[in-house]
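Trainee: I would like to go through this model with you, one question at a time. Please give the reasoning before each answer.

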Amino acid sequence: MNFFNIINQLSEVDPDVMGRLDTRRSVFSSLNTVSKRAALASAPAFLAAFFSKAYAGTTAGDPKEVFNYALTLEYLEEDFYKKMVASPFFATASAAAQGAIRQILKHEAAHVSLLKTVITTIGGTPIAPVTFKTATFATLTSFAKQLEVAQLLEDTGVRAYKGRAGDLLGIPDVNITGVGMVNPLQAALQIHSVEARHAAHIRYMRGQTPWISGDGDLDGQPHYKGAIPESTTTQSNVDITKLGTGYSAKDAQASFDEILTKAEVLDNSRAGGLVGA
Amino acid sequence: MSDNLQPRGTEESTLAQPLSTPIKRRSFFMYAGATAGASALVLAGCSDDNDDNSPALPKGNSTTANGSISLGSGDVGVLNFAYALEQLEADFYAKVAALPNGATLLSATEFDYFKQVAKHEAIHRDFFKAALDRDAAGQTLRGLTPIYPAATFTSRANILGTAKTFEDLGVSAYNGAGKLLKTPAYLVLAGQIVSVEARHAAYVRDLVENGSFAADDVVNSLGLDVARTPAEVLTAAQAFITEKLDGSSIGVN
């Protein structure tokens, strides 16, 4: 057992490991005597804490913050669909449409529950629930108008999740009580694709293409714009329209969904403006 | 201490490796903060053997000892994996789009939408080829030869059924492989594509049975879509691909 052999191996995969340790003297200072080093280094629990502290915040984002951000959106969606189901206009919708909304509500409620558990498990505190502004909802005076907002919320959710996926890369699996080992990034991706399924169905219900083609009735809304708008036709410096024998701009933009940053999502022009009492 | 080294699904192999080989960067980050990881690190610390005995990882598009085509290792493996699936999807939809009776088998609107999906999948295929040629020159998977059951393109039910299988499989493949990537930019690109695949999946499912866009067979009680390991995906996809693919080193480096 050689504690410093561990550090040597770490330095091979992470050349900056000594720098990390050096800048976290509060962690390392507990190892100021040889006897303490020997005693502590033999304890796996200590090592777990040690490396956790040495590497805290080395990913681009704090997973607790990322998941609380996701939870904000899920709370908003869940409350919105609850309001839809409780609305007098719900009875005017077809049985199929009602079933779809109830199915989507079921998923959003499940997402809220799972995200809260994940946040607690990784040592965070779930944010307090947020709701969809009652006054804004009251302006949606038909099932069709409510569906418009549902489309915007779902497409925003799809863009929001993919904007933060990179911040979850490399986060270790967590053991969720009653669920088992969960990889946080994978769980986020699994929620993300469900949101995309929802978005596609609501667009389909509204007579829109299930994908964002640039010719939809809501495509001028801020939810489809931002620093990287849905009209983008270049990905990773590759001009999609010039691939192969060439593609139309419409197909190029529909074949990739784009990200929204947290600031963009929470802006008043998008989801941020829908949160309130 | 071995009690702390329980296999965790697909991570089993990467968890076991540091006991005998130097710690690889990705597996290290899997460990930070985990007691099980700390135990493995302790075991690594016990070893005085610093020789790198790990065998060379296969290059993308290389031929393995048993004649399979390797998708390669690390991020290249993930990209080639996605490229293989997109080749299959693109070929399928191209054949649908070329059906002279397409607008009869499907409705005119459905046929038009399928032609749009055919473009999306062809774009995904061409994009992965361009990205691989640029970022991993010489390791781009070769063009594959898809095969289909005889009646695949002869009825609406068979076309929709195959499309549903491919789309749901594609979504689960990206969901399962995302965590194997090391490069955040690739992860974002994969995310940009998988949500379009999920839109396709939802649409095709609605055509098979309206309202099944996110039915309980693809979204579980936690609200999670399906995620499959590359091995699970390749087992399913192999039935439609003439060439034998080896994805055993995907994500490993």
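Trainee: Where in chain B is Thr183(B) placed?

Mentor: This is a predicted model, so each answer describes a prediction. Two helices of chain B, H7 (156-177) and H8, flank the place in question. Thr183(B) sits in the loop between H7 and H8.

Trainee: Is Thr183(B) buried, partly exposed or exposed?

Mentor: A buried residue needs 20 or more other C-beta atoms within 10 Å, and an exposed one has 12 or fewer. Thr183(B) has 15 C-beta neighbours inside 10 Å, so it counts as partly exposed.

Trainee: How many Å apart in space are Thr183(B) and Gly74(B)?

Mentor: In sequence the two are 109 residues apart. From C-alpha to C-alpha, the separation of Thr183(B) and Gly74(B) is 9.8 Å.

Trainee: Which helix gives the most residues to the largest nonpolar core?

Mentor: The largest nonpolar core has 124 residues, and those with the most contacts inside it are Ala70(A), Ala188(A), Leu79(B) and Ala190(B). The most generous contributor to this core gives 14 residues, and that is helix H8 (residues 184-208) of chain B.

Trainee: Which residues does Ala190(B) touch, not counting residues up to four places away in sequence?

Mentor: Ala190(B) is among the residues with the most contacts inside the largest nonpolar core. Leaving out residues up to four places away in sequence, the partners of Ala190(B) are Ala82(B), Tyr174(B), Gly178(B) and Leu181(B).

Trainee: How many residues of H6(A) are buried?

Mentor: Helix H6 of chain A covers residues 63-86, which is 24 residues. Its first and last C-alpha atoms are 34 Å apart, close to the 34 Å expected at 1.5 Å a residue. The helix is mostly covered, and the buried count for H6(A) is 17 of its 24 residues.

Trainee: Why does the span of helix H7 of chain A agree with what is expected?

Mentor: Helix H7 of chain A runs over residues 95-121 and has 27 residues. At 1.5 Å a residue it should span 39 Å, and the agreement holds because its end C-alpha atoms are 39 Å apart. As for what comes next, H7(A) is followed by Gly123(A), with a positive phi near 95°.

Trainee: Which loop holds Asn237(A)?

Mentor: Phi of Asn237(A) is positive, near 65°, and the residue is not a glycine. Most residues other than glycine have a negative phi. Asn237(A) is exposed, with 8 other C-beta atoms within 10 Å. Its position in chain A is the loop between strand E3 (234-235) and strand E4 (238-239).

Trainee: And is Asn61(B) buried, partly exposed or exposed?

Mentor: Asn61(B) also is not a glycine and has a positive phi, about 70°. It lies in the loop between helix H3 (35-46) and strand E1 (69-70) of chain B. With 18 other C-beta atoms within 10 Å, Asn61(B) is partly exposed.

Trainee: Over which residues of chain A does pLDDT stay under 50?

Mentor: The mean pLDDT of chain A is 85, and 78% of its residues reach 70 or more. The stretch you ask about has 71 contacts in the model beyond four places in sequence. In chain A, pLDDT stays under 50 over residues 1-59.

Trainee: What percentage of the residues in chain B is buried?

Mentor: The secondary structure of chain B comes to nine helices and two strands. The chain has 253 residues, and the buried part is 53%.

Notes:
Residues are numbered from 1 along each chain as its sequence is written. Chains are lettered from A and ligands numbered from 1 in the order in which they are written. This is a predicted model: local features need pLDDT of at least 70, side-chain atom pairs count only at pLDDT 80 or more; totals for chains, interfaces and linings use all residues. pLDDT is the predictor's confidence in each residue, from 0 to 100. Two residues are in contact if their C-beta atoms, placed from the backbone, lie within 7 Å. Helices (H or I, at least four residues) and strands (E, at least two) are DSSP runs, numbered from the N terminus. The expected span of a helix is 1.5 Å times one less than its number of residues. A nonpolar core is a set of buried Ala, Val, Leu, Ile, Met, Phe, Trp, Tyr and Cys residues joined through C-beta atoms within 7 Å.
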